[in-house]
Amino acid sequence: MPPRIAWQDIQENTFTRWTNDELKLRGLHINSLKDDLKDGLMLINLMEIISGKSLGKYNKHPIIIQQKLENLTIALKFIQSEGLKLVNIGPEDIVQGNMRCILGLIWTIILRYEINRNGGGEDLLKWIQSKIPEYGIKNFTKDWNDGRALNALINALRPDLCKDHMDLDKKKKLANARRGIETADKEMGVDKLVLPEEMIHKRVDKQAMMTYLAQFRNLKDTNAAYRVRAFGEGLHKGIKETKAPFFVERPTDAKGEIKIKVLNEDGKEVSCDITKAESPAGYEKLAVSYVPQKAGVYKVHVTLDDKVVDGAGAATEFSMVMMMVMTMMMMMMMMITMMMIMIRMTDDDRFVDATVGVSCQFQLVFGTTSVSRSLSGIFFTITFPYLSAYDLRPIQ
């Protein structure tokens, strides 16, 4: 018996996998659509990847809620500018983890950039029917439950694979689905957006299956390097004189020589520490780290038989953040908090307006080192719930 799975779970799982399938081009990864889109960074990166356009300036290191909302606003406005209609969703819905709104948003994006790439949903169904007419496919749900149609579609596109699809036992649903999904992933580069136990579910989600099957029509590069992924913080951020870690993972059947090279801003190679890491069955995983000795742009290259691996090859910037700076920040936060408490407790009428609140902003600058090329320092904005003015001025 397959494990109990709700159709909503199948949809969320598939949409999460699809998002990661795109984000891996920049070495990024999310674990949860509910939690990992809240600062806007992943949504901005996703839209830049699939649209091929830049979203312009945004908060690359969002700390407070306002910065996160600004990032989400930028992403949502860009999505609308691309002609996508957004209904009843705003930045606050994503910050609050409203899954109904988030899943609706991701489906809108998938529909535009994956399914409608070569026609809409009806066109996708007609395309499938033309490839495997003998199966009489009429939908994206129950007609796929026994796994035979999937094997047939694979055979229609690759006659050397799944030649015996007509002979498969309808009762062996899980085995049929597993065989088809594994074969498509290994031989055709079709990512496992739906798992075997999800495909055979009697209430398998239509949108999840459409997302998965659209890959067959929009086949990507099938070279072995495409099946390898590089991910981790060391590919997109780090701190001077501190280990910058990332991972390289590949299926055990993706043969070839993996090469890893890190270059600093001067083009000189940086030493890497590479060890084997624990990995799921059927995969090999390498743990990689390097130590940037100075702030600047570093380039990470990961190749399999000289073919670039997704997520590698991007420039990485490092900032020089000192413990002293962080200590100063904490001290200032404590002082401002104490000042706020004193103001709230005073009976002096001169401070009546100030008790409504104050937003205290300060800047920490440390030489010419920067978090991003456009800044010469780090800006921290601290907002307290009871404060709204920039300074405390007694009423005259």
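Which residues of α8 are buried? I will start there and then move outward. One caution before that: this is a predicted model.

The buried residues of α8 are R148, A149, L150, N151, A152, L153, I154 and N155. That is eight of the 10 residues of α8, so this helix is largely enclosed by the rest of the structure. The helix itself covers residues 148-157.

What do the buried residues of α8 pack against? They pack against four helices: α7, at 121-131, α9, at 173-188, α10, at 196-199, and α11. I have details for two of these pairs, α9 and α11.

Take α9 first. The axes of α8 and α9 are 8 Å apart, and the two helices pack at an angle of about 30°. Angles under 35 degrees count as roughly parallel, and α8 and α9 are therefore roughly parallel to each other. As for handedness, α8 passes α9 in a left-handed crossing. On the α8 side, the contact is made by R148, L150, N151, I154 and L157. On the α9 side, the residues are N176, A177, R179, G180, I181, T183, A184 and M188. Sorted by class, the contact of α8 with α9 has seven nonpolar residues, four polar and two charged.

Now α11, which is residues 206-217. Here the angle with α8 is about 15°, and the axes are 11 Å apart. That angle makes α8 roughly parallel to α11 as well. The crossing of α8 over α11 is right-handed, whereas α8 passes α9 in a left-handed one. From α8, the residues in contact are L150, L153, I154 and L157. They meet Y212, L213 and F216 in α11. By class, this contact has seven nonpolar residues, with no polar and no charged ones.

If you have the structure open, look at L150, I154 and L157. These α8 residues are among those in the contact with α9, and they are also among those that meet α11.

There is another helix pair to show, earlier in the chain. Helix α3 runs over residues 41-51 and helix α4 over residues 65-81. Their axes come within 8 Å and cross at roughly 30°. The two are therefore roughly parallel to each other, and their crossing is left-handed. In α3 the contact residues are L41, L43, I44, M47 and S51. Their partners in α4 are N71, L72, A75, F78 and I79. This contact divides into eight nonpolar residues, two polar and no charged.

Next, some loop residues. After α4 comes the loop between α4 and α5, and K85 is found in that loop. Is K85 buried or exposed? K85 counts as exposed, at 69% relative accessibility, since the cut-off for exposed is over 50%. Its C-alpha atom is 8.0 Å from that of T108, which is 23 residues away along the chain.

N88 sits in the loop between α4 and α5 too. With a relative accessible area of 62%, N88 is exposed. What is notable about its backbone is phi: the value for N88 is near 55°, which is positive in a residue other than glycine. For background, most residues other than glycine have a negative phi.

E241 is another residue with a positive phi, of about 60°, and E241 is not a glycine. Its place is in the loop between β2, residues 238-239, and β3, residues 244-251. E241 counts as exposed, at 53% relative accessibility.

Following β3, K255 lies in the loop between β3 and β4, the latter being residues 258-263. K255 also counts as exposed, at 62% relative accessibility. How far apart are K255 and L304 in space? The C-alpha to C-alpha distance is 8.4 Å, for two residues that are 49 apart in sequence.

Last, the chain as a whole. The protein chain has 12 helices and 12 strands. Of its 396 residues, 47% are buried. Among contacts in the chain with a separation of 6 or more, 63% are between residues 24 or more positions apart. The accessible surface of the protein chain comes to about 21000 Å², and carbon and sulfur atoms account for 52% of that.

To return to the opening point, α8 has eight of its 10 residues buried, and α7, α9, α10 and α11 are what those buried residues pack against.

Terms used:
Residues numbered from 1 in each chain as written. Predicted model: local features only at pLDDT ≥ 70, side-chain atom pairs only at ≥ 80, totals over all residues. Heavy atoms only, no water. Axes fitted to C-alpha atoms, helices over the stretch in contact; angles between N-to-C directions. Parallel < 35°, antiparallel > 145°, perpendicular 65-115°, else oblique. Left-handed = near helix turned anticlockwise from the far one by under 90°. Contact = heavy atoms within 4.5 Å. Nonpolar A, V, L, I, M, F, W, Y, C, P; charged D, E, K, R; others polar. Buried < 20%, exposed > 50% of the residue type's maximum accessible area, 1.4 Å probe, protein only. Areas by Shrake-Rupley, 256 points an atom, 1.4 Å probe, with all protein chains shown as cover.
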